[in-house]
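User: Hi! Could you talk me through this one while I have it open?

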Amino acid sequence: MQGPAFVKIDGVSLVYELAEEKTLAVEDLSLDIEEGEFVAVVGPSGCGKSTLMKLVTGLLNTTAGNITIGGKPVRGPVQGVGMAFQNSTLLPWRTTLENVMLPLEIVEPHKRNLRRNKKAYIERAMSLLKTVGLADFADKYPWQLSGGMQQRANLCRAIIHDPRLLMLDEPFGALDAFTREELWAVMQNLWMEKRFTAILITHDLREAVYLADKVFVMSKRPGKVILTKKVDIAHPRTLETTFEPHFGAIVHELRDHIHEVRVS
Amino acid sequence: MTSEKALQRAMPWLVTIGLFVFWEALCIVTGVEPFILPRPSLVFETTVQFAPQILHHSLQTLFTTTAGFALGVVGGALLGIAIGASKLVYNGLYPVLIGFNSIPKVAIVPVLVIWFGIGTVPAIITAFVISFFPIVVNVATGLATIEPELRDVLRSLGATKMEILTKIGLPRAMPYLFASLKIAITLAFVGSVIAETVASNEGIGYLMLSASSSYNVPLVFSGLIVVAVMGVLMYAVAVWFERRMTGWAFRGELIS
Ligand SMILES: Nc1ncnc2c1ncn2[C@@H]1O[C@H](COP(=O)(O)OP(=O)(O)OP(=O)(O)O)[C@@H](O)[C@H]1O
Ligand SMILES: [Mg+2]
């Protein structure tokens, strides 16, 4: 690994202050992510995973420590990151297609070119919708879609503008097991095609191992990284992969660690 | 299923008719004098008899009401946006607005008469002032309650404050705006009629006042009913606009 990491989190702490009450959400957290890498962050509930995500995207400012993306320190919201949350944040007054195209109206250079190249951009959005199997639903409103479909559209919106960094905060958390596993494959395909850097926050250890090159395990609040596990399984992974002993062994190892931090 | 739907549809009419029947029966049974409480049939008769005058005055009221209401919508929406979008404006203006809204609007009519004289203008301004507040509050609420995640998605894309306002703030505030219009239009009638009663030579309020001073009580009731009917009609128009403009806020409910 040459040069400094693409995303570098160095000794970061964050304190939430609500009136008199202070909550130390993460403390002295450090981790490195290489460009084009897919990493997953797992840890007990309330350990500061969502907080970490907000710190990396600059939605929150660190109380102590530094975060750099592509060598540049993060101060204020980082431009052109892709984000997807657990509950899809599609806008109910826009159709699926219009929702997916939202980032193009905001992020340069697309914003500048959108009006002139409208057709090409619509095609681009449509082909993305097609890869996730939503082409027939482009003109439907979000509330006319199932939860799984909404989440697919949500993923499309998160990557339509070719972000270098994609942040996923439990995007599949609210879905049933079958849909979830289906979307893992969808996500993997998108990533293998575009090779953005991705940070996935999840409760599901199998999901983490299926998708990620590297899994970070966080401790209880205040969160810090207590284990970095490389997943040495070649992409593309399939549902078959998840039944292989090696896959199972990695999941078990992670589970043991999480169990330890939860009881400690 | 279908008969239940038909019943639902007929309910408002049934209740209204029932109310009038009850009123008629009450007058006959108690033998109350018409100049205390006239029977609805008498009110109806009077309405037909005075139709030209009533039409003239109700058009005047309709005009002052919609003019005041239109001003209220524009002014209320703009101020609501300013208050909802900026903490600074909110802190500065909200207490003043609350205080202002606590003043009974009848109390300002005499002041308006001193400024603008008797006539159309005080009625328009009173309708405006009274319909203004619910619009401001609703629009501001719509903007202030944007889901933080939605805001975060846009902020992480690098959206400016203005972009957040136009892409999610305003569309999201629309259902709130339209919901407030329904309240505001009926309040606007209250405002214009009050002002006409005190300070005008035209309009339903004036008609009612002059009718009552000549003890034509059926005509007074006729005026009341005309105002109520106009209120219901304008409310229906507001509902129609609401459904058309912000159908998404009702989700699938509309289609059934
Ligand atoms: N806006 C906030 N104000 C105050 N405290 C907060 C805020 N957001 C989170 N916290 C606190 O910070 C801690 C970490 O929260 P965070 O949302 O990052 O956890 P998480 O790891 O994402 O949990 P989960 O897995 O349940 O989503 C929690 O103890 C939470 O109570
Ligand atoms: Mg979380």
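Analyst: Happy to, starting with a term: a polar contact is a pair of N or O atoms within 3.5 Å; within protein, one must be able to donate a hydrogen and the other to accept it, and residues adjacent in sequence count only if both atoms are side-chain atoms. This is a predicted model, where local features need pLDDT of at least 70 and side-chain atom pairs count only at pLDDT 80 or more, while totals for chains, interfaces and linings use all residues. Residues are numbered from 1 along each chain as its sequence is written, chains are lettered from A and ligands numbered from 1 in the order in which they are written, and side-chain values use heavy atoms, with hydrogens and water left out.

User: So how many residue pairs are in polar contact across the interface of chain B and chain A?

Analyst: Four, with both residues of each pair at pLDDT 80 or more.

User: And which elements of chain B touch chain A?

Analyst: Helix 7 (148–156) and helix 8 (161–199) of chain B are the elements that give two or more residues to that side. The largest share, seven residues, comes from helix 7. Helices here are DSSP runs of H or I with at least four residues, strands are runs of E with at least two, and both are numbered from the N terminus.

User: How much area do the two chains bury between them?

Analyst: About 2000 Å², with 70% of it on carbon and sulfur atoms. That is the accessible area (1.4 Å probe) that two parts lose on being put together, summed over both. On the chain B side, B:Ser156, B:Leu157 and B:Lys167 supply 31% of what that chain buries against chain A, more than any other three residues. In terms of contact (heavy atoms within 4.5 Å), 18 residues of chain B meet 24 residues of chain A.

User: What about salt bridges, how many are there between chain B and chain A?

Analyst: There are two, counting a side-chain nitrogen of Lys or Arg within 4 Å of a carboxyl oxygen of Asp or Glu. One pairs the side chains of B:Glu163 and A:Lys111, at 2.8 Å from N to O.

User: Is B:Glu163 buried or exposed?

Analyst: B:Glu163, which is found in helix 8 of chain B, has a relative accessible area of 10%, so it counts as buried. The cut-offs are under 20% for buried, over 50% for exposed and partly exposed in between (1.4 Å probe, protein chains only). Leaving aside neighbours within four places in sequence, B:Glu163 is in contact with residues including A:Glu105, A:Ile106 and B:Leu154.

User: Changing topic: how many helices and strands are in chain B?

Analyst: Chain B has 10 helices and zero strands. Of its 256 residues, 42% count as buried, and the C-alpha trace spans about 75 × 60 × 30 Å along its principal axes.

User: How many aromatic pairs does the whole structure have?

Analyst: Nine over all chains. Rings of Phe, Tyr and Trp (its six-membered ring) pair if their centres lie within 6.5 Å; planes under 30 degrees apart count as stacked, over 60 as edge-to-face and the rest as tilted. The planes of B:Trp115 and B:Phe116 stand at 80° with centres 6.4 Å apart, so that pair is edge-to-face. B:Trp115 is exposed at 62% relative accessibility, and B:Phe116 is partly exposed at 43%.

User: Why is the pair of B:Phe128 and B:Phe132 tilted?

Analyst: Because their planes lie at 55°, with centres 5.3 Å apart. Both lie in helix 6 (residues 120–144) of chain B, four residues apart, about one turn of the helix. B:Phe128 is partly exposed at 24% relative accessibility, whereas B:Phe132 is buried at 13%.
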